[in-house]
Amino acid sequence: QGIALARSDDLVHWEDLGTALTQRTAEDRSMVSAPHVVESKGVYYMFYTGVTTPKPGQWCQHILAASSKMPDDPKSWQRSTHMQFRVGGKVQNWFRPDHPGSVWSDQEWADCRDPMVLEKNGTWHLFYSGHDEGAGICGVATAPSILGPWTDRGAVLKVPAGTVPESCFVVEDPEGGYI
């Protein structure tokens, strides 16, 4: 029905705040899932998976973004129309894989989901799960600003065809690299 929000003072006991993103758009009319929230300059951005069903039993998954200055107010979260993603030679407000060898279609099952976003040294990184020819991938897109324009850089991890890595998540390791 949307993205459930909750608040806690101790990370054990949680207060239900309600549901965000109950209003749907063309890119998420069937379902929303897998939110990842980051803050930039006092604005909170929720990157999430939006799903359509082009045929019964098939999910076409896109990455969308919403924003709020009051993240604990479910009604304040609104789909971001200012987010810019480069796809197919143009700029649009939702993301899908767009690099050599990527596989995605809005007419059948397609994976572009499970966003995870971080900023490092002035560059924003959007990690996602998807498909390339012959492989499931964790891919990455980069941008000079949280609002973009985001450019798909391709796979950072490939797994055998028929599988897709779940929920790519990146953390800095103690030696300065990334896991």
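**Exercise 1.** Decide whether Val-140 is buried or exposed, and place the residue in its surroundings.

*Solution.* Val-140 has a relative accessibility of 8% and therefore counts as buried, a class that means under 20% relative accessible area, whereas exposed means over 50% and partly exposed lies in between (1.4 Å probe, protein chains only). The model is a predicted one, in which local features need pLDDT of at least 70, side-chain atom pairs count only at pLDDT 80 or more, and totals for chains, interfaces and linings use all residues. Residues are numbered from 1 along each chain as its sequence is written, and side-chain values use heavy atoms, with hydrogens and water left out.

Next, locate the residue: Val-140 sits in strand β12, which covers residues 135-143, strands being DSSP runs (E, at least two residues) numbered from the N terminus. Then list its contacts (heavy atoms within 4.5 Å): leaving aside residues up to four places away in sequence, Val-140 touches, among others, His-125, Phe-127, Tyr-128, Asp-152, Arg-153 and Val-156. Finally, 9.4 Å separates the C-alpha atoms of Val-140 and Val-117, which are 23 residues apart along the chain.

**Exercise 2.** Describe the protein as a whole, beginning with how many helices and strands it has.

*Solution.* The protein has 13 strands and 0 helices, a helix being a DSSP run of H or I with at least four residues. Of its 179 residues, 46% count as buried. Among contacts between residues at least 6 apart in sequence, 45% join residues at least 24 apart. Along the principal axes, the C-alpha atoms fill a box of roughly 45 × 45 × 30 Å.
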